[in-house]
Amino acid sequence: MNQTELVDPRLKLQHLKVVMAVAEWGSMAKAAKHLTISQPVVSKVIADLEDVLGVRLFDRSPQGVEPTAYGRALLKRSIAVFDDLRTGVDELKFLADPTSGELRIGSTEPLLAGLGRAVMERLWRQHPRINFRVVEADSSTLLTRELPERRIELAILPLVDASVREELEATILFQDHLRLVVGIKSPWARRRKVTLADLIDEPWCVASSSIGSLVTDVFRDIGLRTPRIAVAATTAHLLFQLLESGHFVGHFGDGLLHFYTNRFALKRLPIELPLKPFSVAVITLKNRTISPVAKLFIDCAREVAEPLARPQSRSA
């Protein structure tokens, strides 16, 4: 039997669109306004779908509507259907004109402004009509919401853990090492020998992330008290500017510093932290065909990151 014959012919894409709108707005009246159709039409679509499927998709209350377990399951697949359809259309457009296309990506601000920027600039030189739609967020938000809900097609992230969840797939670009950093004006920049104990009473600025937490963990693990965290932020440019003033101690990965050395006057401190390297990777949904533009992006990211993946580049 043809697979299309297994789908009830009464089930239409427009019906799924209505379900998604009702779930998003939490109200049939608001969904109708958003879709520019009448509320009775929305109510009839939901009622007809519930009749076809034999389950209740939404719980109704004076406060609005909320998806049931059946509704959430249908929503999950509806998002995937429209995402795959959009990817298919993008693929056709790309085949007709390989120099154009659109890609939705997500990353943390430090990686976006460093590695992400370098990859996009290289792709633009080769394919000037490619458009990027960028979501800047923390790793947890990107992995638990933006990527599973198909709001982005891929994410560039640091991975402290060796693995990702089962439904995700990681393409490792390089292994990064955490380094302690100060500005050139800092008195610590002129010291040939520095220990962590020396830096306890200094004001620190760290990233509000899993990578930033590694720094405070190091002090605890070797029996030292945690230094004062004067600034915790997610913006790399702010942290670099503070470090450049010479008044703070901070941290960054070698790979990240590679993209910022020409922008800020910084110096790595001669301290080897007792930490394993962490991965920088492109994360996608497993068992999902990525678009041609996404494949171009991943291939380009590998090229840009290749010097960082070589052991000799670390010592340099």
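Colleague: Let's start in the middle of a sheet: how many of the 6 residues of strand β7 (residues 178–183) are buried?
Modeller: Bear in mind that this is a predicted model, where local features need pLDDT of at least 70 and side-chain atom pairs count only at pLDDT 80 or more, while totals for chains, interfaces and linings use all residues. Residues are numbered from 1 along each chain as its sequence is written, and side-chain values use heavy atoms, leaving out hydrogens and water. Buried means under 20% relative accessible area, exposed over 50% and partly exposed in between, with a 1.4 Å probe and protein chains only; strands (E, at least two residues) and helices (H or I, at least four) are DSSP runs numbered from the N terminus. Strand β7 is largely enclosed by the rest of the structure, because the number of its residues that are buried is 6 of the 6.

Colleague: Which residues of β7 point the other way from L178, L180 and V182?
Modeller: In a regular strand, side chains alternate between the two faces of the sheet. In β7, L178, L180 and V182 point one way. Facing the other way, and also buried, are R179, V181 and G183.

Colleague: What is the strand order of the open sheet of 3 strands?
Modeller: Two strands pair if DSSP finds at least two bridges between them. β7 pairs in the antiparallel sense with β10 (residues 250–253) over 4 bridges, and 3 bridges join it, again antiparallel, to β11 (residues 266–268). The order is therefore β10-β7-β11.

Colleague: By how many degrees are neighbouring strands of this sheet turned against each other on average?
Modeller: The edge strands, each pairing on one side only, are β10 and β11. Axes are lines fitted to C-alpha atoms, for helices over the stretch in contact, and angles run from 0 to 180 degrees between N-to-C directions. With direction ignored, the average turn between neighbours in this sheet is 45°.

Colleague: Which residue of β11 is the bridge partner of V181?
Modeller: Within β7, R179 stands opposite F252 in β10. On the β11 side, G183 faces L266, and V181 is partnered by R268.

Colleague: Which helix lies across β7, β10 and β11?
Modeller: Contact here means heavy atoms within 4.5 Å. The helix spans residues 236–244 and runs at about 130° to β10. Its name is α8.

Colleague: Which helix gives the most to the largest nonpolar core?
Modeller: A nonpolar core is a set of buried Ala, Val, Leu, Ile, Met, Phe, Trp, Tyr and Cys residues joined through side-chain atoms within 4.5 Å. The largest has 64 residues, and those with the most contacts inside it are L115, L154, L199, F240 and F297. Giving 9 residues, from the stretch 292–309, the top contributor is helix α10.

Colleague: Is R60 buried, partly exposed or exposed?
Modeller: R60 sits in strand β1 (residues 58–61). Its relative accessible area is 39%, so R60 is partly exposed.

Colleague: With which side chain does the side chain of R60 make a polar contact?
Modeller: A polar contact is a pair of N or O atoms within 3.5 Å; within protein, one must be able to donate a hydrogen and the other to accept it, and residues adjacent in sequence count only if both atoms are side-chain atoms. The R60 side chain reaches the backbone oxygen of F58 at 2.8 Å. At 2.9 Å, its side-chain partner is E50.

Colleague: What is the mean pLDDT of the protein?
Modeller: pLDDT is the predictor's confidence in each residue, from 0 to 100. It is below 50 over residues 1–7 and stays under 50 over residues 312–316. Still, 91% of the residues reach 70 or more, and the mean is 85.
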